[in-house]
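Q: Can we go through one of the interfaces in this model? Short answers are fine.
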Number of protein chains: 14
Amino acid sequence: MDSMTIIAVVSIITAGLTIAIGVIGPSLGEGKAVATALSSLAQQPDASATITRTLFVGLAMIESTAIYCFVVSMILLFANPFWNYGIAQAAGQ
Amino acid sequence: MDSMTIIAVVSIITAGLTIAIGVIGPSLGEGKAVATALSSLAQQPDASATITRTLFVGLAMIESTAIYCFVVSMILLFANPFWNYGIAQAAGQ
Amino acid sequence: MDSMTIIAVVSIITAGLTIAIGVIGPSLGEGKAVATALSSLAQQPDASATITRTLFVGLAMIESTAIYCFVVSMILLFANPFWNYGIAQAAGQ
Amino acid sequence: MDSMTIIAVVSIITAGLTIAIGVIGPSLGEGKAVATALSSLAQQPDASATITRTLFVGLAMIESTAIYCFVVSMILLFANPFWNYGIAQAAGQ
Amino acid sequence: MDSMTIIAVVSIITAGLTIAIGVIGPSLGEGKAVATALSSLAQQPDASATITRTLFVGLAMIESTAIYCFVVSMILLFANPFWNYGIAQAAGQ
Amino acid sequence: MDSMTIIAVVSIITAGLTIAIGVIGPSLGEGKAVATALSSLAQQPDASATITRTLFVGLAMIESTAIYCFVVSMILLFANPFWNYGIAQAAGQ
Amino acid sequence: MDSMTIIAVVSIITAGLTIAIGVIGPSLGEGKAVATALSSLAQQPDASATITRTLFVGLAMIESTAIYCFVVSMILLFANPFWNYGIAQAAGQ
Amino acid sequence: MDSMTIIAVVSIITAGLTIAIGVIGPSLGEGKAVATALSSLAQQPDASATITRTLFVGLAMIESTAIYCFVVSMILLFANPFWNYGIAQAAGQ
Amino acid sequence: MDSMTIIAVVSIITAGLTIAIGVIGPSLGEGKAVATALSSLAQQPDASATITRTLFVGLAMIESTAIYCFVVSMILLFANPFWNYGIAQAAGQ
Amino acid sequence: MDSMTIIAVVSIITAGLTIAIGVIGPSLGEGKAVATALSSLAQQPDASATITRTLFVGLAMIESTAIYCFVVSMILLFANPFWNYGIAQAAGQ
Amino acid sequence: MDSMTIIAVVSIITAGLTIAIGVIGPSLGEGKAVATALSSLAQQPDASATITRTLFVGLAMIESTAIYCFVVSMILLFANPFWNYGIAQAAGQ
Amino acid sequence: MDSMTIIAVVSIITAGLTIAIGVIGPSLGEGKAVATALSSLAQQPDASATITRTLFVGLAMIESTAIYCFVVSMILLFANPFWNYGIAQAAGQ
Amino acid sequence: MDSMTIIAVVSIITAGLTIAIGVIGPSLGEGKAVATALSSLAQQPDASATITRTLFVGLAMIESTAIYCFVVSMILLFANPFWNYGIAQAAGQ
Amino acid sequence: MDSMTIIAVVSIITAGLTIAIGVIGPSLGEGKAVATALSSLAQQPDASATITRTLFVGLAMIESTAIYCFVVSMILLFANPFWNYGIAQAAGQ
């Protein structure tokens with residue numbers, strides 16, 4: 001069971017680090033976007049419709065990069081092709 | 001019990017580091033967002049309804065990236081697929 | 001008792017580092033939020049009710065990310081599932 | 001199965017790190033772009049058509065660099081040429 | 001006494017690093033908060049009651065994150081569950 | 001198959017890191033360019049034709065550096081001269 | 001005397017690093033607080049009573065985080081529970 | 001085939017890192033140049049001819065440093081003198 | 001004399017690093033405080049009594065953190081409890 | 001052929017890193033110079049002759065530092081004195 | 001002579017690093033203080049007596065932290081207690 | 001030929017790194033100097049003679065530090081005293 | 001001659017690094033001080049006597065920290081007490 | 001010839017790194033000083049005599065720190081006391 005253990009260990013570490021490192025950028029980017037939205041609202045309350053609409057589209061775009069990381073992290077934990085191959089190998093032996 | 005120990009060790013380290021590194025970005029981003037909200041409120045008290053609403057939506061969006069990390073951290077501690085597989089292997093022996 | 005020792009060692013290190021690294025972001029974020037609240041109060045004393053209310057909601061949200069880390073740290077020290085499993089294994093031997 | 005395991009391990013680590021490191025730049029860049037778009041909207045609401053159009057083209061261009069990373073990450077997980085070669089070698093033995 | 005020594009060594013290192021790294025954020029955050037309070041007081045001496053009250057609540061909140069680290073550090077030195085378990089094991093032998 | 005494995009491993013790691021590190025600069029640079037374009041549009045809407053034209057030429061130039069990295073990454077995965085040489089060697093044996 | 005030496009070595013290193021790393025944050029935070037106090041005094045000499053009082057409370061709060069580190073450092077040198085346990089063990093042998 | 005493998009491995013790693021690290025500077029520099037060009041155009045639309053001409057000369061100069069890296073990277077992959085020498089040695093044996 | 005040497009070596013390294021790392025923060029903090037004091041004096045020469053008094057109290061407070069490090073460094077060199085214990089052990093043998 | 005391989009390996013790595021690290025500074029410096037040139041042109045179009053002449057002299061000076069790195073990189077690949085000495089040694093054997 | 005050599009080696013390295021790292025902070029802090037003093041003198045030449053007096057007190061305070069490092073560095077080279085103990089041991093053998 | 005190889009290897013690495021690291025500072029410094037020269041020219045075209053003369057003297061001074069590195073790098077490649085000594089030793093054997 | 005070689009090697013490395021790291025701070029600090037002196041001279045030419053006198057005193061103070069490093073570096077190369085002791089030991093054998 | 005080789009290797013590495021790291025600070029500091037000199041000249045052309053004189057004294061002072069590094073680097077290459085001692089030892093054998 002040695003090589004299976006190594007794959008499991010590596011998948012665990014990578015899944016955790018991927019989402020941990022991967023949210024640094026998006027969360028800072030979103031924080032900047034939200035902050036500017038708020039100061040823009042305070043400066044020009046009449047344009048609130050356009051501002052919030054643009055904000056939500058922008059947040060969705062930034063959030064998408066965090067979701068890429070989350071997807072890869074989940075794939076590594078629950079649909080890992082290399083792990084599945086190993087299981088199939090072990091079962092077929 | 002050797003390979004089980006390695007998986008346990010790696011899961012513990014990864015669970016801790018994931019949430020520790022993963023909250024750096026969101027907390028700084030939220031701090032920036034809250035700070036701008038406060039200075040916007042001071043500048044334009046009349047727009048407080050729009051500002052706080054936009055702030056809470058933005059905070060929820062940023063908090064979501066921290067929650068991704070928390071979810072992965074909890075999965076690694078309490079619903080770790082590789083650990084469960086190992087337990088099942090050991091039980092089936 | 002070898003593998004139990006390794007789990008204990010790793011739990012101690014991870015518990016400490018998780019809370020140590022995990023409070024960097026929240027404390028800086030809260031410092032920024034409090035600082036802006038104070039300068040907003042000085043600028044617009046009339047809006048102090050709205051400002052302090054928004055500040056406390058924001059601080060609670062930021063503090064929550066520090067609490068995630070504290071929770072994981074406490075789980076690792078006092079409710080560590082891998083340690084409990086090892087104890088149960090050792091007891092059942 | 002030794003060399004296959006190494007390739008699997010390396011593919012897992014690289015797939016995770018590629019997307020994790022790769023989204024830092026795009027998410028920060030998009031955050032900056034969205035933030036400026038919002039403050040520009042607040043400053044010049046009449047130019048909102050030009051601004052949002054330019055913003056979306058720019059976001060798409062920045063997002064493309066994140067997608068390069070996502071593509072490489074997916075190739076490594078699901079269409080890894082070196083893994084396929086190894087499988088073919090093992091099957092042909 | 002080998003495994004006990006390792007736990008002791010790791011507890012010492014972690015206790016020191018936890019508090020050392022853990023006070024960086026809070027002290028910088030408090031410094032920023034105090035600094036802004038002082039410049040706010042100079043700018044609006046009439047609001048000193050509100051400002052100092054908000055400052056102390058904010059400082060307490062930021063200090064709490066440093067105290068989390070101090071608590072974990074003290075637990076590791078004086079109420080370490082893994083150390084106690086080891087002592088109990090050694091006593092029961 | 002040992003030396004082939006090493007080449008495969010190294011190609012996988014390098015392909016991932018090349019594109020991951022390589023997009024940091026371009027995405028930040030493009031974010032800055034797009035951001036300035038937007039604030040320039042808000043400041044001088046009449047010059048929008050010149051601004052967007054210059055922006056797209058600039059973005060293409062910056063994107064080209066990301067594409068250099070993508071090209072090298074793809075070459076390493078699908079047209080790796082050292083891998084091909086090794087395959088030819090193995091086939092000719 | 002081997003395990004005692006390791007504990008001694010680790011205590012020395014940790015005691016030094018704890019105080020060395022631990023004073024970086026407080027000293028910078030206090031520097032910022034003192035600096036702002038001075039410029040506030042220059043700007044509003046009439047409020048010097050309130051400013052210096054708030055400054056000293058704030059400095060005490062920030063200094064407290066440096067004192068946490070100093071306390072842990074002294075505990076490790078002069079009241080180290082793990083060292084005392086080892087001495088007791090050696091004496092009781 | 002051992003020493004040939006090492007040269008191949010090192011060439012792959014170096015080719016990737018050279019272009020990956022090498023584009024960070026140029027892309028950031030070009031982003032800054034393009035950004036300033038855009039804000040200059042918005043400020044002084046009448047000087048657009050001089051500005052864009054100077055911009056393109058400058059971009060070409062900056063791009064040249066990225067191309068140095070690309071050239072070295074391509075030389076390492078397709079015209080590597082050390083690899084060719086090794087091939088010639090192996091052929092002449 | 002082996003374990004005594006290790007303690008000596010570690011004490012030397014730690015004593016040096018403690019004071020070297022430990023003065024970075026205080027010296028920068030004091031530099032900032034002195035700098036602001038000077039610009040405050042230039043701005044409001046009439047308040048020089050209050051400013052210099054507050055400056056000296058603040059410098060003393062910041063210097064105290066450097067002195068913590070110096071104390072620990074001197075203790076490690078000239079009153080090291082672990083070294084003394086080792087000497088006593090060696091003498092009592 | 002062992003020592004020749006080591007020299008080849010080291011030459012490849014150094015050639016790549018030299019140009020990769022060496023262009024970071026020049027490209028950022030040129031980006032800054034070009035950016036300021038553009039904003040100076042927008043501010044003072046009448047001095048465009050002096051500005052562009054000074055810019056090109058400055059760019060050439062900065063570029064020269066990148067060329068130093070390129071020269072060393074090329075020397076290591078194609079006119080490496082240590083490699084030539086080794087070849088001569090091997091030929092003379 | 002083995003353990004004496006190790007102590008000598010460690011003392012040399014630590015003496016050098018202590019002073020090298022230890023002057024970074026003081027020199028930057030003094031640079032900042034002198035710079036502000038000069039701009040304050042330019043702004044308020046009449047207060048030059050107070051400014052230069054405060055400057056010299058402040059510089060002395062900052063320099064003191066550099067001198068702590070120099071003292072430790074000299075102690076390690078010329079009055080190293082552990083080295084002296086070793087010499088005495090060797091002489092008394 | 002072992003020790004000659006080590007000297008060759010170390011000379012190659014050091015020659016490359018010396019020039020690569022050594023041009024970072026000069027190129028950034030020159031970029032800053034050129035940039036300020038350009039904005040000074042735009043601000044005060046009448047002083048162009050003094051400005052360009054001072055600029056060239058300054059650039060020459062800064063370039064000199066890059067040339068120190070280039071000289072050391074060339075010495076290591078083509079006039080390496082340790083290599084020459086080794087050659088002489090080998091020839092005299 | 002083994003332990004003498006180690007001391008020589010360590011002295012060489014430390015002498016180089018001490019002066020290399022040790023001049024970073026002073027040179028940046030002096031650069032800042034000179035820069036402010038120049039802009040102060042431009043702002044208040046009448047105070048040039050006071051400004052240049054204060055500048056030279058300040059530069060001497062900052063330079064002194066670089067000279068501490070140079071002194072330690074020279075001591076390590078030409079008056080190294082540990083080396084001299086070793087020579088004396090070797091001579092007295 | 002083993003210990004001579006080690007000394008040669010270490011001297012080469014240290015000579016290169018000393019000058020490479022050692023010019024970072026001076027070149028940046030000189031860049032800053034020259035840049036301020038140029039903007040001061042543009043602001044106050046009448047004070048050009050005082051400004052350039054002060055600039056050259058300042059540059060010489062900053063350059064001196066780079067020359068310390070160059071001197072140490074040259075000593076290590078051409079007047080290395082430890083190398084000379086080794087040569088003398090080898091000759092006297």
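Q: How many residues of chain K are in contact with chain I?
A: 41 residues of chain K are in contact with 44 residues of chain I, contact being heavy atoms within 4.5 Å. This is a predicted model, where local features need pLDDT of at least 70, side-chain atom pairs count only at pLDDT 80 or more, and totals for chains, interfaces and linings use all residues. Residues are numbered from 1 along each chain as its sequence is written, chains are lettered from A and ligands numbered from 1 in the order written, and side-chain values use heavy atoms, without hydrogens and water.

Q: What area is buried between chain K and chain I?
A: About 3600 Å², as accessible area (1.4 Å probe) lost on being put together, summed over both parts. Carbon and sulfur atoms give 83% of that area.

Q: Which three residues supply more than any other three on the chain K side?
A: Tyr68(K), Phe82(K) and Tyr85(K), with 19% of the area that chain K buries against chain I.

Q: How many salt bridges across the interface of chain K and chain I?
A: Zero, with the rule being a side-chain nitrogen of Lys or Arg within 4 Å of a carboxyl oxygen of Asp or Glu.

Q: And what divides up the side of chain K that touches chain I?
A: 22 nonpolar residues, 18 polar and one charged. Ala, Val, Leu, Ile, Met, Phe, Trp, Tyr, Cys and Pro count as nonpolar, Asp, Glu, Lys and Arg as charged, and the others, Gly among them, as polar.

Q: New topic: why do chains H and J meet through different surfaces?
A: Only 15% of the interface residues of chain H are also interface residues in chain J, so these copies meet through different surfaces.

Note on methods. Buried area = accessible area lost by both parts, 1.4 Å probe.
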